[in-house]
Amino acid sequence: MTTTDFRPTRRTALHVLAAGAASLALPAFAQWPDKPIKIIVTFPPGGSSDVLARLLAEQLSKKLGQPVVVDNKPGAGGTIGGAQVAAAAPDGYTLMLSNTTPIALGPFTLDKQPYDPVAGFSHIAYLGAAPLVIMASKPSGFRSYADFEAAGRKDGRMDFGSGGPGSIGHIHGELLRKITGINMVHVPYRGGAPMTTDLIANTIPVGIDVITAYVPFFKSGQLVPLAVTGAQRSPLMPDVPSIAELKQPKLVLENFFGLSGPARLPEDVVARLNAACNEVLVMPEIQKKLTDLGIVAKPETVAAFNGFVKEQVNVLGPTVKGAGIKL
């Protein structure tokens, strides 16, 4: 039996090593996911992002074959959780329920941005959007936005609650103060649930937050919706005027929801997550749940979502800085 004397050249050896490295690297993501996935929510439990994240996690668990868990990391206008995701390994196991606050608002309230809201993430899937609602306690006596404005001008001060410092409700209240001249005084809460308790008790007369968690309180009559902050009325509450029709177009602000991860996520992981999210969004039972929460869901491509994020950052970031809003 004869043998062949195989002596690879340096170039051949390098090709073999490169091919071997590639063959070792490919299965890691080809097998993704092979362990639980975490979705970080940048606000406390019970708010709109948390509600949506838990609906999404349940369905993604079924589609991806691994547990998808929600981890709440609130604080600093969403930037604590946002910074944790931006610094995570780009392996597809740490994601974020991104929304307007940690992406287009919170980073611009700090003297030093903790991350680049565009380049610091892989923006994977657009999920939908919901307006905010300016709402009042029933004992306040406010039954319309005009009542609220008139009281603010007469009393020289109007306390308002939000889900936390730097939240989208806080930002909107500060913009309202700047545009209307009403002395809006912020009362921050650790999430929407404790704010709701104080609103019902009339500890504060007014609250501003994403509409999602408050619809049951409007239906029961415990809270009074004064205006939604979209360009049009919400299908969820067609009798409540939009802020645009109340001649305040500069106060139009909606909260978008998306799924994002650390920068440099593998393209195949991004593509699989985008496809899975889009499949979830068109499920009739999910569409109904989101509609009931005031969220208008809309499947989009990865490229479309990235373009949308850039637009939001370019428009809202300068608005926050121009209003001088600081945490």
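Two aromatic rings count as a pair here if their centres lie within 6.5 Å. I began with these pairs. The model I worked from is predicted.

**Entry: aromatic pairs**

I looked up how many aromatic pairs the structure holds. The count is seven. I noted Y115 with F121, whose rings meet edge-to-face. Their centres are 5.1 Å apart, and the planes stand at 80°. Both Y115 and F121 are buried.

Next I took Y126 and F308. This pair is also edge-to-face, with 5.2 Å from centre to centre and 70° between the planes. It links distant parts of the chain. Y126 belongs to strand β4, F308 to helix α11, and 182 residues separate them.

Is each of these two rings buried or partly exposed? Y126 is buried, because its relative accessible area is 10% and the cut-off for buried is under 20%. F308 has 22%, so I put it down as partly exposed. Y126 and F308 also belong to one aromatic cluster, together with F256 and F305.

**Entry: helix α11**

I followed F308 into its helix. α11 covers residues 302-322, which makes 21 residues. From first C-alpha to last, α11 reaches 30 Å. That is close to the 30 Å expected at 1.5 Å a residue.

Which residues of α11 are buried? I listed F305, V309, Q312, V313, L316, G317 and V320. Then I checked what covers them. The cover includes the strands β3, β4 and β9. It also includes the helices α4 (100-105) and α6 (168-180). After α11 comes G324, which has a positive phi near 70°.

**Entry: strand β9 and its partners**

β9 is part of that cover, so I looked at its own burial next. The strand runs over residues 254-262 and is mostly covered. Eight of its nine residues are buried.

Which strands run antiparallel to β9? One is β3 (residues 94-99), joined to β9 by four bridges. In that pairing I found M96 opposite S260 of β9. The other is β4 (residues 121-137), which pairs with β9 over nine bridges, again in the antiparallel sense. Here P131 has E254 of β9 as its bridge partner.

**Entry: the nonpolar core**

I looked up the largest nonpolar core. It has 93 residues. I39, L60, F148 and L259 touch the most other members. β4 supplies the largest share of this core, with twelve residues.

I picked F148 for a closer look. What does F148 touch beyond four places in sequence? Its contacts are F142, M158, L176, M184, V206 and L226.

**Entry: the cis bond and the loop around P33**

I checked the peptide bonds. Most peptide bonds are trans. The bond between W32 and P33 is cis, with omega about -5°. P33 sits in the loop between α1 (10-30) and β1 (37-41).

P33 turned up again when I looked at Q66. Q66 lies in the loop between α2 (48-64) and β2 (68-72). Leaving out residues up to four places away in sequence, Q66 touches P33, D34, K35, P36 and S61. Why do I call Q66 buried? Its relative accessible area is 19%, and buried means under 20%.

K35, one of the residues touching Q66, has a ring partner too. K35 lies over the face of Y93, at 4.7 Å from the ring centre.

**Entry: positive phi**

Last, I went through the backbone angles. Most residues other than glycine have a negative phi. I noted two residues that go against this.

A76 is not a glycine, yet its phi is positive at about 55°. A76 is in the loop between β2 and α3 (79-86). I entered A76 as partly exposed because its relative accessible area is 32%.

K247 has a positive phi near 65° and is likewise a residue other than glycine. Its place is in the loop between β8 (223-228) and β9. Is K247 buried or exposed? K247 is exposed, because its relative accessible area is 70% and exposed means over 50%.

Conventions: Residues are numbered from 1 along each chain as its sequence is written. This is a predicted model: local features need pLDDT of at least 70, side-chain atom pairs count only at pLDDT 80 or more; totals for chains, interfaces and linings use all residues. Side-chain values use heavy atoms; hydrogens and water are left out. Buried means under 20% relative accessible area, exposed over 50%, partly exposed in between (1.4 Å probe, protein chains only). Helices (H or I, at least four residues) and strands (E, at least two) are DSSP runs, numbered from the N terminus. Two strands pair if DSSP finds at least two bridges between them. Contact means heavy atoms within 4.5 Å. The expected span of a helix is 1.5 Å times one less than its number of residues. Rings of Phe, Tyr and Trp (its six-membered ring) pair if their centres lie within 6.5 Å; planes under 30 degrees apart count as stacked, over 60 as edge-to-face and the rest as tilted. A charge sits over a ring if NZ of Lys or CZ of Arg is within 6 Å of the ring centre and within 35 degrees of the ring normal. A nonpolar core is a set of buried Ala, Val, Leu, Ile, Met, Phe, Trp, Tyr and Cys residues joined through side-chain atoms within 4.5 Å.
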